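Please load the model and set the display so that single residues and the backbone around them can be picked out. The tour goes through a few backbone sites, chain by chain.

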Amino acid sequence: MSHFPWLTLLIVLPLLGSLALWLPSPLRGRAREVALVFALAEVAVAVIAAAGFDTSRAGEHQLVETHSWIAAFGVSYAVGVDGVGLALVLMSVVLVPLVVLAAWREQGSVHEATDGLRRYLALALLLEAFMVAVFAARDVFFFYVLFEAMLIPVYFMIGGFGADRSRRRYAAVKFLLYSLAGGLVMLIGVIALYMQGPGGPQGFLTDNLTGLSLDPSVEKWLFVSFFIAFAIKAPMFPVHTWLPDAAEQAPAGTSALLVGVLDKVGTFGMLTLCLPLFPNASRWAAPFIIVLAVVSIIYGALLAIGQKNLFRLVAYTSVSHFGFIVLGIFAFTSTSISGSSFYMVNHGLSTGGLFLLVGYLVARRRSPEIADFGGLQKQVPVLAGLFLVVGLSALSLPGLSTFISEFLVIVGTFAVHPAAAIVASIGVVLAAIYVLWTYQRVFTGPLPTNTPDQDVRELPALGRFADVSVVERWAVVPLIALMLVLGFWPRPALDLVRPSAVTSVQQVGAQDVPQTTATSEAGK
Amino acid sequence: MIAEFIAPTVSWGPLAPVVVVLLAAVVGVLLEAFVPARFRRVAQVTLSLAAVVGALVALALAWSTVKSTGGYDVLSGSFVLDGPALVAQAIILVIALLSVLVMADRTASDEDAFAPMVSAAPGSDYEKIATTRGMAQTEVYPLVLFATGGMMIFGSTGDLLTLFVALEVLSLPLYLLSGMARRRRLQSQEASLKYFLLGAFASAFFIFGIALVYGATGTLRYSEIATAVATPTGTEGLLLLGAVLILVGLFFKVGAVPFHMWTPDVYQGAPTPITGFMAAGTKVAAFAAMLRVLYVMLAGLGWDLTVVLWTVAIATMLVGTVAGLVQTDIKRLLAYSSIAHAGFVLTGVAALDKQGPSSVLFYLLAYGLATVGAFAIISIVRERSASGGVSGEATALSQWAGLGRTHPVVAVTFLLFLLSFAGIPLTAGFVGKFAVFSAAVHGGAWPLALIGVLASAAAAFFYVKVIVLMFFPASEPTQASTDAEPAAAAGTGTATLLQTAPARVVTTTVVRPNGLATVSIAVCAVLTVVLGIFPGGVLDAISQVAAYLP
């Protein structure tokens with residue numbers, strides 16, 4: 001069983017689903033069902049694959065497959081996951097069926113073209129294949145190829161579907177150019193790194209490029225070229241400006257995948273490529289990056305508070321959260337890195353859910369402006385409840401999994417950079433403001449009637465809102481359930497990510513600060 | 001006393017591919033004279049395709065010998081069939097094959113891209129008669145074969161005189177072909193004249209350079225010049241000037257800055273299938289020749305030429321991308337894109353690294369496939385008037401708006417070629433770009449590679465512009481009229497309506513090719529993807545024979 005190519009199956013399965021939706025076939029008419037079946041089958045396969053994963057060796061790559069791909073360049077098709085990779089793969093495959101469910105009723109409203117939903121779902125499945133592959137890649141070139149190639153489906157998902165035609169074009173192009181520019185700079189780094197390595201037909205394997213004794217200045221340049229690409233992707237201050245535009249214009253499902261999963265590639269790349277490949281440069285750059293991360297935390301949170309648009313608000317909360325993830329990674333303690341790894345998973349669940357719920361609200365009101373909402377608590381109690389729980393996860397309420405990861409990041413960072421940790425904690429307070437104030441404005445108070453201006457814009461009356469349908473509910477409930485389970489019983493997840501974190505700290509050569517008490521307490 | 005004439009011994013085997021093509025071209029001229037008009041087109045197309053395929057077979061037969069022995073040297077270096085030469089010839093033949101298919105396609109409109117009678121003045125009665133009689137200028141095919149033969153020799157010769165002859169053999173037919181467009185004939189003829197004049201100018205530089213090199217070294221053979229370069233004699237100044245002038249001639253052919261001025265006009269004016277053939281084929285031939293000149297003949301001058309090569313490469317990348325950003329015509333846009341690509345290839349050349357030739361050749365293959373395919377698609381995207389009559393190509397970018405909705409298959413295929421141009425992973429263009437940049441970094445030219453990737457990012461913008469236009473138009477094509485109505489009504493009455501109405505009547509449509517162009521486009525598309533995902537086989541094959549014969 002261990003020799004079965006589970007990861008390849010996980011990559012191929014959504015590709016087949018995507019093909020089934022693209023190619024002319026009788027299945028075309030039932031796009032939603034087909035996409036859901038493939039997405040659920042993917043979850044099942046992922047669970048089986050995870051069962052074959054030996055948690056006691058979670059720091060090592062498992063389910064490994066290595067085949068020569070382009071021998072002339074030294075490129076291999078090499079996949080395998082360690083604990084972090086597996087956690088992210090699982091999170092990605094869980095999110096996709098929920099996005100499919102959330103898109104269930106959007107046919108005809110958001111996707112104006114007749115078979116828009118079919119194309120949308122085909123792109124989402126294609127993206128899923130890329131996402132799984134990128135988290136499993138063990139070859140720098142292969143990683144790069146996926147890193148760039150996945151821009152294309154996302155580009156079409158942002159540009160092809162969404163509210164405002166001209167502004168979504170702008171958002172899609174901005175997204176693509178930002179990402180391409182970052183990626184191409186990384187390409188030079190990729191080439192130069194290969195030159196430094198052992199070469200040969202497997203010269204791009206991450207394992208073969210780890211532990212090179214690079215010339216310090218070369219190492220710094222290589223690190224910078226990789227880090228810029230990842231910082232744009234993550235996105236970090238000051239290269240985050242594409243995200244609010246993209247998230248505002250894209251349909252909610254796209255944003256959920258984009259922010260929930262895709263942007264993790266940035267932080268995942270920092271963790272699994274920057275740290276092991278360029279340990280000295282990572283230590284050299286860490287103070288600078290930690291400052292940027294703290295700025296991201298505070299700046300993202302402040303801007304989130306100031307937003308008038310729900311989608312942009314969620315996007316800025318993510319800038320803040322990504323600051324936490326980056327902070328934890330570059331604090332170089334096993335506690336903080338475990339926290340960051342776990343944070344990546346939790347943030348995917350939490351932000352994915354938040355985008356879907358905002359999507360429900362916007363689909364009903366046909367406006368993302370917070371000012372157009374109010375007093376919905378009595379009208380749509382279930383939606384309000386779901387929003388509150390998911391919102392609380394965004395502010396890291398104890399009992400939800402996000403609390404544990406944020407706590408670990410702050411505690412782990414405090415041991416080495418107390419000042420950064422203290423400033424970062426302000427971000428937690430700001431999170432309470434942006435979540436609760438938003439909830440207050442949207443759901444509490446008396447139910448307002450439409451103002452004349454809103455009548456002119458033909459917004460549906462708030463008083464005629466229907467509560468969440470069964471399908472909509474089931475798209476969000478699994479996320480909340482997962483956050484609750486991992487909130488009270490995080491041990492399995494921490495067992496997955498902790499060995500990898502220890503390995504990362506060793507690779508980067510930093511003095512680890514063991515915090516057994518903190519981790520074990522959180523683990524209870 | 002007159003020495004007894006000794007007939008040279010010619011080994012015809014390695015010459016076979018070139019001989020097949022040129023002989024077929026001569027036969028094609030005879031066919032024009034003797035075959036009745038109604039069979040001519042079929043005969044010419046069959047002959048051309050057979051000749052190109054035959055030449056490919058002949059190359060395949062020579063492959064194993066070249067691989068094991070390093071290659072053939074015919075007539076003491078006048079013609080060399082070593083690995084790089086063989087690969088370049090094979091790429092040229094593949095491009096020729098795919099291009100001939102596009103040229104031969106008369107589409108559902110039953111017209112090919114060429115004027116029915118090129119000698120008739122545009123707009124004259126003769127032209128009308130020729131059109132109504134359905135005449136066709138089938139000389140196109142022999143001309144293409146001559147050009148192909150010239151291209152094949154261009155990169156495979158070790159002798160400057162043969163190089164010059166090959167240059168003319170490949171150029172003269174292209175000058176002619178550029179002027180043969182069926183529509184916008186004046187523009188086409190202007191393109192032809194411009195190409196000819198500037199080409200003649202470049203040829204003059206080129207032959208002057210040859211003369212200077214001959215003066216400095218006393219020989220025209222690459223191998224002997226290489227020896228002379230290695231031994232200082234005091235004529236280095238002459239040699240260097242000659243070498244630079246030869247390079248100028250080659251820069252002109254690849255469209256490198258500052259010798260690129262002809263490219264946009266000629267690409268725009270020439271019949272579109274010819275543009276594809278010329279853009280792809282000429283570049284392969286000229287870069288193959290440039291590589292041989294630099295790697296074999298001037299290997300000892302590497303350092304002195306670096307400054308020239310770097311300057312030209314950087315200028316070419318920058319001008320190509322910056323000027324490309326503001327184009328509004330799809331053919332001109334691809335022309336500037338081809339200039340930028342020449343710059344990217346030059347980074348691989350300028351590295352003067354041992355990986356250079358194989359990476360450049362792969363790049364040219366990827367670029368050639370995307371180019372032929374893209375221009376083939378441009379040739380079937382047409383204007384349709386209100387009466388339903390399909391006329392010329394819709395080359396204005398604005399006319400491509402919404403193509404993704406109205407003709408999704410064509411638009412997605414074009415998208416694929418654009419992605420390959422932009423160097424997005426999983427297309428052949430990315431592999432090529434990776435290969436040349438990695439050769440540049442390996443050869444120590446990392447600043448070139450850095451500028452290359454930045455230029456690629458900027459160039460991506462104008463490919464993205466076309467993608468946005470095709471798939472996310474500012475307004476639905478069907479909504480265009482409804483959107484415009486309130487605006488017109490808000491205007492000052494009937495005058496506005498009358499002015500705007502005719503402009504909207506011309507719509508964009510895609511004519512159905514009669515099969516040949518479809519095959520060509522499909523092959524280009526499939527190869528672009530296959531070489532993007534599994535480039536290993538081709539890369540290995542090219543690098544196995546990457547060594548030049550001295």
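Select A:Pro235 to begin, and you will find this residue in the loop of chain A that runs between helix H9 (216-233) and helix H10 (242-249), where helices (H or I, at least four residues) and strands (E, at least two) are DSSP runs numbered from the N terminus. The peptide bond that leads into this proline from A:Ala234 is cis, and its omega is near -15°. This is a predicted model, in which local features need pLDDT of at least 70, side-chain atom pairs count only at pLDDT 80 or more, and totals for chains, interfaces and linings use all residues. Residues are numbered from 1 along each chain as its sequence is written, chains are lettered from A and ligands numbered from 1 in the order in which they are written, and side-chain values use heavy atoms, with hydrogens and water left out.

Go next to chain B and select B:Pro258, which sits in the loop between helix H9 (236-254) and helix H10 (262-269); the bond from B:Val257 to B:Pro258 is cis, with omega near 5°.

Most peptide bonds are trans, and most residues other than glycine have a negative phi.

Return to chain A for A:Leu63, a residue of strand E1 (residues 62-70), whose phi is positive, near 55°, although this residue is not a glycine. Is its side of the chain buried or exposed? A:Leu63 is buried, at a relative accessible area of 14%, where buried means under 20%, exposed over 50% and partly exposed in between (1.4 Å probe, protein chains only).

Finish at B:Leu352, in the chain B loop between helix H13 (330-350) and helix H14 (356-380). B:Leu352 also is not a glycine and has a positive phi of about 50°, and with 31% relative accessibility this leucine counts as partly exposed.
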